[in-house]
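This report describes a complex of protein chains for a reader who is beginning to study structures. Please keep the sequence and the model at hand while reading.

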Amino acid sequence: MKFFEEKVFKVLMYVALLIVCGVVLSIVYTIFSKGWSAMSWDMVSKLPGGGFYIGKEGGFLNAIVGSLMIVGASTVLGLLISIPVVFYLNIYLKRKSKLAYTARLVYDILFGVPSIVYGAFGFTIMVYLGLKTSLLGGIIVITLLIIPIFIRSMDEAARDFPRDILDATYSLGATRYQTIKVVLRQIAPGIATATLLSIGRAIGDAAAVMFTAGYTDSIPTALSQPAATLPLAVFFQLSSPIPEVQDRAYAAAFVLTVLVLILSVLGRYFTNKFSKNKL
Amino acid sequence: MKFKLLVDRLAGSFMWILVLVSVLLLIVIGLGLYIKSIPILEENTLQSLLFSSSWSPMKGEFGFLPFLMGTLWVTVIAIVLALPVALLTAIFLTEYAKPVIKKYFFPALDILAALPSVIYGVWGTLLIVPFIADRLSPHFVEFSTGYSALAGGIVLGIMILPLLVSLMIEIFSAVSVDYREASWSLGATKWQTIKRVLLLKTSPGILAAVVLAISRAFGETIAVLMVCGNMPIMPQSIFDSCYPIPALIANNYGEMLSLPLYESALMFAALILFVVVFLFNVLSRMVLYRIEKKFNI
């Protein structure tokens with residue numbers, strides 16, 4: 001009798017597992033089948049032509065380039081800010097430091113703050129500074145959005161950093177600052193994983209850039225011009241009543257999904273390489 | 001010799017400033033949104049803002065109740081759907097699964113976590129919405145477009161699954177094997193051990209994980225915007241359309257500068273989100289930190 005309940009729940013567990021797998025497959029399949037049939041070389045190589053939004057020719061190169069610009073710039077900025085922070089938290093501060101505890105808590109909260117709030121906040125700052133929706137605004141907000149992700153996942157790698165190595169460098173006369181070379185080398189796979197995670201989040205975010213980067217049909221040539229992004233391309237075109245335009249939303253969704261899947265696979269690869277026996 | 005110590009000190013101060021600035025960002029966001037929502041808070045009482053259901057910005061009436069209810073409905077549906085699946089999955093993965101299954105299952109969770117919300121939105125409009133409109137709702141109500149609280153709840157539930165599962169796996173693995181072995185040695189079956197030892201021991205952690213997932217669901221924007229229907233009415237059933245707060249902000253940012261107080265109202269909406277997410281996160285993170293500390297040392 002006592003095994004009966006276990007059997008029932010085990011079946012339920014398999015059902016749960018199947019649900020999760022089924023949902024993943026269903027999403028990927030839906031996006032791929034819908035997107036593939038709408039895909040063409042023009043989509044990814046051309047800017048929206050005249051009458052694009054009533055179903056005439058063109059593609060969404062503007063969105064791809066815009067997304068890449070925003071993501072590229074904010075990833076670099078995010079790395080530059082978060083590496084020193086993680087280094088400071090783990091090397092300069094003591095294990096039990098109050099500042100480190102508070103800082104980690106704050107980054108966790110910032111990680112939980114919805115992107116629409118970042119967007120609204122970024123928008124108020126931009127109105128305050130007299131800026132219009134622009135590439136620069138998008139880059140700043142996305143940077144703010146991904147810094148907590150960077151810090152959190154790099155911090156996890158840095159916390160497992162073996163203390164012995166630190167002691168060894170100190171004993172050779174290195175200052176805390178000089179150990180940065182050793183530390184960076186050691187946690188390099190962690191940094192790679194963090195970067196991929198952040199890129200994934202940055203490229204898929206729509207709510208924050210909607211407020212700050214705006215949308216445009218051309219490729220921005222200056223930081224002050226608005227920039228289109230892939231998620232918004234999907235969102236805006238899907239809300240059109242014209243089937244041809246909706247098809248483009250599926251094609252854009254397809255491109256976005258492929259990008260994100262590549263990032264995810266790479267990320268898993270680095271994590272596995274980094275921690276072989278960790279769950 | 002002195003020089004490198006100076007560099008060390010300087011670099012230290014520079015990094016300290018970076019830490020401080022990034023920590024202050026949290027306060028600045030809260031403060032900025034609060035300052036922006038002062039105008040509407042001066043015009044209306046907090047009660048009328050939160051508990052009035054008349055929303056017409058043209059007339060200057062800003063009652064957030066329909067949106068609060070919309071958010072509440074989708075969030076509750078999402079948690080109710082996601083929690084059992086997440087619990088069972090996490091228990092299976094930590095207690096029963098062979099390494100092979102883990103090896104193939106984790107990438108699936110990764111994908112779920114990595115997919116942008118707009119993709120979930122597309123999937124929701126293509127599959128879930130028609131399913132509700134054509135198959136599900138005719139059994140219960142006369143008519144539904146499918147763009148409903150239920151659609152939002154299902155999509156959100158799937159979106160918070162990876163977060164719930166990964167948190168729970170972390171929590172379950174933090175319980176040392178000794179507890180399990182003690183229970184087994186008393187003749188308890190694996191399932192009895194899970195039920196009476198593991199789940200009991202980790203109940204604060206599970207609660208924290210759920211709260212964290214709720215706060216994630218709270219702020220999700222684009223996906224719910226695409227499947228919820230966005231009508232500023234109080235939903236009467238799960239097949240009615242609803243209008244969660246994030247969708248409200250995202251949908252109206254374009255015209256918010258054209259009406260008096262409208263901008264302030266939307267910033268107040270963002271402030272509500274921020275405050276809720278802030279409180280939920282502080283509470284659940286502190287619980288999770290304590291668990292981590294208790295079991296790791």
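How many residues of chain A are in contact with residues of chain B? In this predicted model, 70 residues of chain A are in contact with 70 residues of chain B. On the side of chain A that touches chain B, helix α1 (residues 2-38) of chain A supplies the largest share, namely 19 residues. Sorted by class, the residues on that side of chain A are 50 nonpolar, 13 polar and seven charged.

**Confidence of the prediction**

For the complex, the predictor gives an ipTM of 0.88 and a pTM of 0.89. Chain A has a mean pLDDT of 86, with 95% of its residues at 70 or more. Chain B has a mean pLDDT of 87, with 98% of its residues at 70 or more. Within chain A, the mean pLDDT of the elements is lowest in helix α2 (residues 41-45), at 79, and highest in α3(A), at 92.

**The two chains**

The following table sets out values for each chain.

| Chain | Residues | Buried | Helices and strands | Span of the C-alpha trace along its principal axes |
|---|---|---|---|---|
| Chain A | 279 residues | 48% buried | 12 helices, zero strands | about 70 × 70 × 30 Å |
| Chain B | 297 residues | 47% buried | 12 helices, two strands | about 75 × 70 × 35 Å |

The order of the elements completes this outline. Read from the N terminus, chain A runs α-α-α-α-α-α-α-α-α-α-α-α. Chain B, read from the N terminus, runs α-α-β-β-α-α-α-α-α-α-α-α-α-α; its two strands thus appear after two helices in that order.

The contacts within each chain can also be described by separation in sequence. In chain A, among contacts with a separation of 6 or more, 75% are between residues 24 or more positions apart. In chain B, 76% of the contacts between residues at least 6 apart in sequence join residues at least 24 apart.

**Two helix pairs in chain A**

Two packed helices are described by the angle between their axes and the distance between the axes. Helix α6 (residues 135-159) of chain A takes part in both of the pairs considered here.

The first pair joins α6(A) with helix α3 (residues 61-92) of chain A; their axes come within 7 Å and cross at roughly 40°. Because angles under 35 degrees count as roughly parallel and 65 to 115 as roughly perpendicular, this angle makes α3(A) oblique to α6(A). The crossing of these two helices, α3(A) and α6(A), is right-handed. Their contact comprises 18 nonpolar, six polar and two charged residues.

The second pair joins α6(A) with helix α5 (residues 115-129) of chain A; here the axes come within 10 Å and cross at roughly 135°. That angle makes α5(A) oblique to α6(A). The crossing of α5(A) and α6(A) is right-handed. From α5(A), the contact involves S115(A), Y118(A), G119(A), G122(A) and M126(A), while α6(A) contributes G137(A), I140(A), V141(A), L144(A) and L145(A). By class, the residues of the contact between α5(A) and α6(A) are six nonpolar, four polar and no charged.

**Individual residues**

Two residues, one in each chain, deserve a separate description.

Most residues other than glycine have a negative phi. Which phi does N230(B) have? Although N230(B) is not a glycine, its phi is positive, at about 55°. N230(B) is placed in the loop between α10 (222-227) and α11 (245-252) of chain B. Is N230(B) buried or exposed? There are 20 other C-beta atoms within 10 Å of N230(B), so this residue is buried.

In chain A, E244(A) belongs to helix α12 (residues 243-274). E244(A) counts as partly exposed because it has 15 C-beta neighbours inside 10 Å. How many residues apart in sequence are E244(A) and P114(A)? They are 130 residues apart in sequence, and their C-alpha atoms are 32 Å apart in space.

Terms used:
Residues are numbered from 1 along each chain as its sequence is written. Chains are lettered from A and ligands numbered from 1 in the order in which they are written. This is a predicted model: local features need pLDDT of at least 70, side-chain atom pairs count only at pLDDT 80 or more; totals for chains, interfaces and linings use all residues. Two residues are in contact if their C-beta atoms, placed from the backbone, lie within 7 Å. Helices (H or I, at least four residues) and strands (E, at least two) are DSSP runs, numbered from the N terminus. Ala, Val, Leu, Ile, Met, Phe, Trp, Tyr, Cys and Pro count as nonpolar, Asp, Glu, Lys and Arg as charged, and the others, Gly among them, as polar. Axes are lines fitted to C-alpha atoms, for helices over the stretch in contact, and angles run from 0 to 180 degrees between N-to-C directions. Angles under 35 degrees count as roughly parallel, over 145 as roughly antiparallel, 65 to 115 as roughly perpendicular and the rest as oblique. A crossing is left-handed if the near helix is turned anticlockwise from the far one by less than a right angle, and right-handed if clockwise. pLDDT is the predictor's confidence in each residue, from 0 to 100. A residue is buried if 20 or more other C-beta atoms lie within 10 Å of its own, exposed if 12 or fewer, and partly exposed in between; C-beta atoms are placed from the backbone.
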